[in-house]
Amino acid sequence: MTQRPSAAPWRKLWGGVFVSACVAFSPQVTAQTNDDDEVSQMEEVVVTGSRIRRNEFTSASPVQIIDMDRSTLAGLIDTAEILQGSTTAGNSAQINNQFGGFVVNGGPGVNTLDLRGVGAGKTLVMLNGRRLNPAGTRGTVSSVDLNTLPASIIQRVEVLKDGASAVYGSDAVAGVVNIITRDDIDGFVGGVQTTLPEDSGGAVTSADFAYGFSGDNFNVLMGVEWFDREGLTEGDRDWSRCRTEYLFDPVTGENQSTVDANTGLPKCWNSPANDYVVVQSGEFAGRWIRDASVDCVGVPAGTPCTPGWRIGSVEERKFNDPRQAEAHTISPVERLNFFAFGNLDITMPGIDRDATVYFEYMFNNRRSEQNTGPKQFAPRIDQQSVLAQNFSPFYDPTVDPVTGRFDARFSELPLLLTFRSDNFQEVDWTRALAGITGDLTNSWDYDIHVAYGRANGSYSSRQFLTDRVLNMLDVVETSPGVFDCRINTLQNSSSNSAAPCPLFNPWAQIGATPGAGLPFPQEVIDYATSLETGSTVYTQSMIDGYVTGPLFELPAGTVGAVLGFQYRTEEIEDTPSSGSISGNLFGFTSAGVTAGDDTVTEVYTEVEVPILRDMTAFQDLTMQLSGRWTDYDTAGDDTVYKLGLNWQIIEQLRFRASFGTSFRAPALFENFLGGQTGFFAGSDPCADWFLGPAGTNVYQNCQGEGLPEGWTGFTSTPEAITFGNEGRLVPETSENLTVGTVIDFPSFGLSFAIDYFDIQIEDEIALLGSQAIVNQCYNLSPGQFRAAGTVCDFVGPRNPADNNIDNINDSYFNINKKDVSGYDITVRYAFPFRAVDVVADFRGTKIETWERTLLGDVVEDLNGTSGLPDWNAQFDLRADWNNWTFFYNMDWIGEQSDYEFFGIDPSTVNFVLDADEVFYHGVSARYNADGWSAQIGVSNLADEEPPLYSPELGVFTLNGAVPYTGYDFIGRSVFLNLRMEF
């Protein structure tokens with residue numbers, strides 16, 4: 001393709017992030033040559049992050065460049081894996097396909113990007129320097145879904161590692177990611193890539209095809225990419241196939257997990273429910289399992305006994321239904337992308353000015369699904385019901401005539417596993433953009449574009465309907481020994497189903513071994529369930545323009561400036577299924593309609609002032625100023641600014657610093673989310689509290705609430721409540737400081753940079769999560785526990801009848817302060833070795849502080865806890881020899897531990913809440929020929945498994961693994977890549 005040449009020194013290119021000298025130290029876009037000078041010399045590129053054109057070495061802000069060639073050599077063929085695996089994002093868990101069974105912003109199957117661990121909503125993702133529109137399903141869509149971005153069209157990614165709200169808008173709090181598309185395709189280009197794990201499950205395949213053509217004044221690129229990720233199931237890997245309690249003696253290391261009485265091995269706890277009956281109170285209270293040897297002969301009168309049944313101990317109850325092995329650890333996805341880019345150089349009639357008209361069009365279809373295992377069905381059956389009196393094996397008509405048999409609390413819950421819990425999503429995402437850029441005068445340029453984006457998604461799952469379940473439980477005796485659903489006997493009644501209500505005996509489904517009961521009746525599925533489908537539409541319209549050029553001359557150089565505006569509208573409309581809206585889904589969440597919109601008007605400016613040049617100790621001293629006025633219909637207006645200082649002391653030494661403020665208005669879903677209720681999926685922090693160290697806060701608080709010794713946790717699930725909070729939320733504000741030093745020795749091919757960053761966010765809009773809320777409440781000191789103004793305000797009281805927490809309010813509030821600080825380190829060494837050109841790169845991030853302050857000024861230090869490793873780093877070694885490229889890469893993930901957070905000495909407990917550092921190694925080789933290349937490689941050479949955690953203190957895990965998405969769940973894999981150009 002041809003490119004329109006730059007017409008003025010202040011022209012903004014298409015790209016997007018303000019690149020610093022750190023760019024020079026990242027892997028190069030092009031392979032090194034045998035020329036000694038070219039090995040150590042960087043290609044001059046013009047990037048943004050300021051809209052003022054400048055050389056990458058003269059930037060005041062640190063940037064990491066992610067080179068697609070390096071990613072390909074490392075075996076990465078998915079945009080989400082490439083971006084989420086960057087060191088800037090590597091100190092926190094990212095939302096990807098490992099979270100398929102959880103409630104996440106954007107819905108299951110979404111892949112988002114979170115820099116510095118402060119939230120995906122605070123990271124701006126752009127394409128060619130222009131804002132992208134979000135995609136996803138359900139009512140919490142707000143971030144760009146990385147599924148929409150085909151990796152085959154990406155040339156490089158520029159990650160601005162400090163805030164840029166003054167330059168790009170309110171959501172650029174933690175940084176900006178700008179994806180630069182290829183502009184070098186002339187003719188046909190295509191390829192196939194595949195990753196094949198050594199063990200079954202998790203294979204990835206993609207194929208792409210593009211065609212570029214150009215003329216004297218135009219170029220066009222069109223292409224398509226298909227991507228398919230096979231699901232990885234719990235049964236595919238040993239570490240997830242049987243999740244034990246993971247308990248070990250802290251001195252001897254002896255496994256102390258519960259032993260399964262049926263196998264003699266540590267007990268598996270994979271299944272969400274099991275084949276047994278819970279009788280909740282009365283003389284039969286307990287958990288009953290089948291036992292054919294029980295005949296009740298000789299049992300004393302008045303002793304509860306049921307032939308064929310007995311109370312089962314936890315050691316013998318089954319918690320590993322074979323169908324759970326089909327549940328997804330990594331959920332599958334299939335994507336189809338189409339893209340078209342082009343530009344046309346023109347001369348504006350009558351004014352003799354050059355201009356370029358450009359367009360971008362992208363379409364993405366994503367189909368994803370998640371199997372979370374067999375669906376649990378636990379109908380509560382009252383002992384007074386006809387169904388229980390005539391079918392329950394625990395009904396005893398010989399009751400105490402004084403006290404009676406029918407205690408209102410006496411009910412049964414047959415815990416049944418039914419059909420697969422499959423969730424499906426399909427999202428169509430579109431983005432269309434057109435603009436014009438050109439000469440305004442001999443020295444001033446302009447750029448203006450309009451864009452429209454739309455994401456249309458649907459989501460569905462099969463659910464039991466409450467009214468149908470109640471119909472099945474409401475049984476009448478129509479004649480002696482003949483029973484039927486009451487609804488079937490009512491004259492002119494209609495159950496809104498073509499099939500009549502079936503007579504259902506839940507006790508017949510209980511089996512002695514997992515899945516050994518009768519197959520769940522199809523007539524019950526046909527009658528009592530429905531495929532519930534919701535829809536989500538998110539639209540974004542935008543017009544953005546600016547002018548840029550020199551203002552005047554100073555002794556040290558030209559003062560350049562930018563003046564621009566942006567007008568943007570965004571709208572969300574999420575309509576859950578009718579059953580969800582009406583609250584008619586049995587044992588499942590309910591949700592209201594989420595509908596809202598916002599309009600944003602912004603004006604921004606940038607100025608670059610050269611202060612000193614070509615003086616002793618001041619080879620170049622430049623100051624950069626930017627400011628932005630933002631007005632949201634929903635949140636009002638504010639002004640933010642950014643100040644940058646770039647000091648080139650000598651040729652080999654540079655100092656840089658920047659300080660900026662931000663103003664982030666509440667996202668649409670944070671304002672307008674329809675009321676959602678659900679069941680708390682976590683654990684009670686007071687479970688087995690009496691076994692813990694007596695001095696801990698949890699021990700004292702649980703004891704103080706009067707919980708008995710022997711309390712093992714919730715016997716019924718608390719209700720979790722989530723709402724948007726329009727009118728009660730205020731915008732977040734933040735400050736972002738970076739200070740860094742660059743040392744560069746081009747003649748030796750050695751470069752080094754270290755940058756300190758500190759992000760402080762006030763009034764953060766937070767959804768802490770029900771588990772975190774409960775954990776933090778019970779982890780308060782006894783003097784603060786349950787005090788007004790603390791996080792305990794969101795935790796409902798315990799019901800004195802059963803000691804369960806009634807509800808947890810997990811809505812959006814301005815309750816949070818956050819402080820994240822640390823260091824980015826980059827080292828690059830490029831040198832020729834005889835006929836081989838060698839490049840070594842190191843990139844690492846060390847987090848010093850990751851703190852958040854909740855209500856009551858209680859500061860949580862989460863740095864180094866699960867999901868937030870304080871260190872992550874990458875090392876690459878590349879060698880180019882003739883037509884061959886050899887590549888070695890190592891990823892390092894630091895230790896993680898939750899012992900200190902909970903105030904626990906690990907030598908005193910038998911559960912595991914820490915993970916050692918992990919190293920992943922990979923190698924590859926590529927042969928480059930005229931018109932084609934072939935590559936083979938191996939990732940995770942040592943076949944490292946993810947570290948595991950004990951399910952204690954409510955700590956969240958991913959199938960038993962530490963909840964950090966940088967770990968490799970797949971295992972050792974071979975990857976192949978074949979590309980052709982013609």
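Arg237 is buried (under 20% relative accessible area with a 1.4 Å probe, protein chains only; over 50% would be exposed, and in between partly exposed), yet it has no salt bridge. The nearest side chain of opposite charge, Asp199, sits 4.5 Å away; a salt bridge needs a side-chain nitrogen of Lys or Arg within 4 Å of a carboxyl oxygen of Asp or Glu. For charge, Lys and Arg count as positive and Asp and Glu as negative, with His and the chain ends not counted.

This is a predicted model, where local features need pLDDT of at least 70 and side-chain atom pairs count only at pLDDT 80 or more, while totals for chains, interfaces and linings use all residues. Numbering starts from 1 along each chain as its sequence is written, and side-chain values use heavy atoms, leaving out hydrogens and water.

**More on Arg237**

- You'll find Arg237 in the loop between strand S9 (232-233) and helix H5 (238-241); helices (H or I, at least four residues) and strands (E, at least two) are DSSP runs numbered from the N terminus.
- Its side chain reaches the backbone oxygen of Ser200 at 2.6 Å.
- Contacts (heavy atoms within 4.5 Å) of Arg237 include Pro197, Asp199, Ser200, Phe969 and Ile970, leaving out residues up to four places away in sequence.

**Arg568**

- Arg568 belongs to strand S22 (residues 557-575).
- Arg568 counts as buried because its relative accessibility is 3%.
- The side chains of Arg568 and Gln566 share a polar contact of 2.5 Å. That term covers a pair of N or O atoms within 3.5 Å; within protein, one must be able to donate a hydrogen and the other to accept it, and residues adjacent in sequence count only if both atoms are side-chain atoms.
- Beyond its neighbours within four places in sequence, Arg568 is in contact with residues including Arg131, Asp598, Glu602 and Tyr632.

**The five-stranded sheet**

- Five strands make an open sheet in the order S1-S4-S5-S2-S3, with mixed pairing; two strands pair if DSSP finds at least two bridges between them.
- Strand S1 (63-67) and strand S3 (130-131) stand at the edges with a single partner strand each, so one side of each has no neighbour in the sheet.
- S1 pairs with strand S4 (residues 154-160) in the antiparallel sense over five bridges, and Asp67 stands opposite Arg156 in S4.
- Five of the five residues of strand S2 (residues 123-127) are buried, so S2 is largely enclosed by the rest of the structure.
- Thr123, Val125 and Leu127 point one way from S2, while Leu124 and Met126 point the other way.
- S2 runs parallel to strand S5 (residues 175-181), joined by five bridges, and Leu124 faces Val176 in S5.
- S2 and S3 run antiparallel, joined by two bridges; in their hairpin, with two residues between the strands, Asn128 takes a positive phi near 55°.

**Nonpolar cores**

- The largest nonpolar core has 73 residues, of which Val177, Ile179 and Tyr967 touch the most other members. Such a core is a set of buried Ala, Val, Leu, Ile, Met, Phe, Trp, Tyr and Cys residues joined through side-chain atoms within 4.5 Å.
- Apart from that one lies another core, of 30 residues, with Val277, Trp309, Ile510 and Phe586 among them.

**The four-stranded sheet**

- Four strands form an open sheet in the order S23-S28-S29-S32, again with mixed pairing.
- S23 and strand S28 (residues 676-679) pair in the antiparallel sense over two bridges, and Ala591 has Gln676 in S28 as its bridge partner.
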